[in-house]
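Work through the following exercises with the sequence and the structure at hand, and try each task before reading its solution.

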Amino acid sequence: MDDRMDDDLGPALDAVGPRLRALRRQRETTLADLSAATGISVSTLSRLESGTRRPTLELLLPLARVHGVTLDELVDAPPTGDPRVHLRPVTQNGMIMLPLTRRSGGIQAYKIVIPPDSRRRDPDPKTHEGYEWLYVLNGRLRFILGEHDLVLSPGEAAEFDTRVPHWFGAADSEPVEFLSLFGRQGERAHLRARPKAKDAS
């Protein structure tokens, strides 16, 4: 199945380079300008356009944002007939945030990517109303909550009151990707947990 998936994705990914070059030239933007706007090096951008660098989500998200297109448009995803609106990523406080919900109120869902070279190097814990649940997909997430300084790996989750000072960033030289569910009014994510083991005594 993995080989079949690679066969399906190959042509779409191969077409990303020419599409990126066409978008940049259409907007009369230089590689240096694009590098300054995205934080991606000129050499990486050049290799993406020539097809010698395989595109990744970490690279495509900021490029889609700067060019003002969706990820589907960058990879020329086939139409599915899905009437839902495709939401665009935004960059905030050194994080690339892809909203997964657009309704007002209630729990909001995001996929967040933090590049290792973002400006989120020095912890600066903040507080605000709400409750948050996060789940690490890729990379290692440094998570500071109150007096706790933790590193979460893929598959690990955390749930916390955002009125407690908190901060998160990439734990090392690799990007980190995670899902975030946030409720402004303090809604909690209801998860089924294993009961505590009884004492043998």
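**Exercise 1. Determine what share of the contacts in the protein chain with a separation of 6 or more joins residues 24 or more positions apart, and describe the chain as a whole.**

Step 1: In this predicted model, 60% of the contacts in the protein chain with a separation of 6 or more are made by residues that lie 24 or more positions apart.

Step 2: Turning to the elements, the protein chain has six helices and nine strands.

Step 3: Of the 201 residues in the protein chain, 35% are buried, while the accessible surface comes to about 12800 Å², with 50% of that surface belonging to carbon and sulfur atoms.

**Exercise 2. Describe how helix 2 and helix 4 meet, and which residues make the contact.**

Step 1: Helix 2, which covers residues 16-26, and helix 4, which covers residues 42-50, have axes that come within 6 Å and cross at roughly 115°.

Step 2: On the side of helix 2 the contact is made by Gly17, Pro18, Leu20, Arg21 and Arg24, and on the side of helix 4 by Leu48, Glu49 and Ser50.

Step 3: Sorted by character, the residues of this contact comprise three nonpolar, two polar and three charged ones.

**Exercise 3. Work out the order of the strands in the open sheet of three strands, and explain why strand 6 and strand 8 each have one side without a neighbour.**

Step 1: The order in this open sheet is 6-5-8, and the pairing is antiparallel.

Step 2: Strand 6 (148-152) and strand 8 (166-170) each have a single partner strand and stand at the edges, so one side of each is left without a neighbour in the sheet.

Step 3: Neighbouring strands of the sheet are turned against each other by 20° on average, when direction is ignored.

Step 4: Looking at one pair in detail, strand 5 (residues 141-145) runs antiparallel to strand 6 and is joined to that strand by five bridges; Leu141, for instance, has Leu152 in strand 6 as its bridge partner.

**Exercise 4. Decide whether Phe160 is buried or exposed, and list its contacts beyond its neighbours within four places in sequence.**

Step 1: Phe160 is found in strand 7, which spans residues 157-161.

Step 2: The relative accessible area of Phe160 is 3%, and buried means under 20%, so Phe160 is buried.

Step 3: Once its neighbours within four places in sequence are left aside, Phe160 is in contact with Tyr131, Glu132, Leu134, Phe143, Leu145, His166 and Phe168.

Step 4: Gly130 lies 30 residues from Phe160 along the chain, and the C-alpha atoms of these two residues are separated by 9.0 Å.

Notes: Residues numbered from 1 in each chain as written. Predicted model: local features only at pLDDT ≥ 70, side-chain atom pairs only at ≥ 80, totals over all residues. Heavy atoms only, no water. Pairing = 2+ DSSP bridges. Helix = DSSP H or I, 4+ residues; strand = E, 2+ residues; numbered from the N terminus. Axes fitted to C-alpha atoms, helices over the stretch in contact; angles between N-to-C directions. Contact = heavy atoms within 4.5 Å. Nonpolar A, V, L, I, M, F, W, Y, C, P; charged D, E, K, R; others polar. Buried < 20%, exposed > 50% of the residue type's maximum accessible area, 1.4 Å probe, protein only. Areas by Shrake-Rupley, 256 points an atom, 1.4 Å probe, with all protein chains shown as cover.
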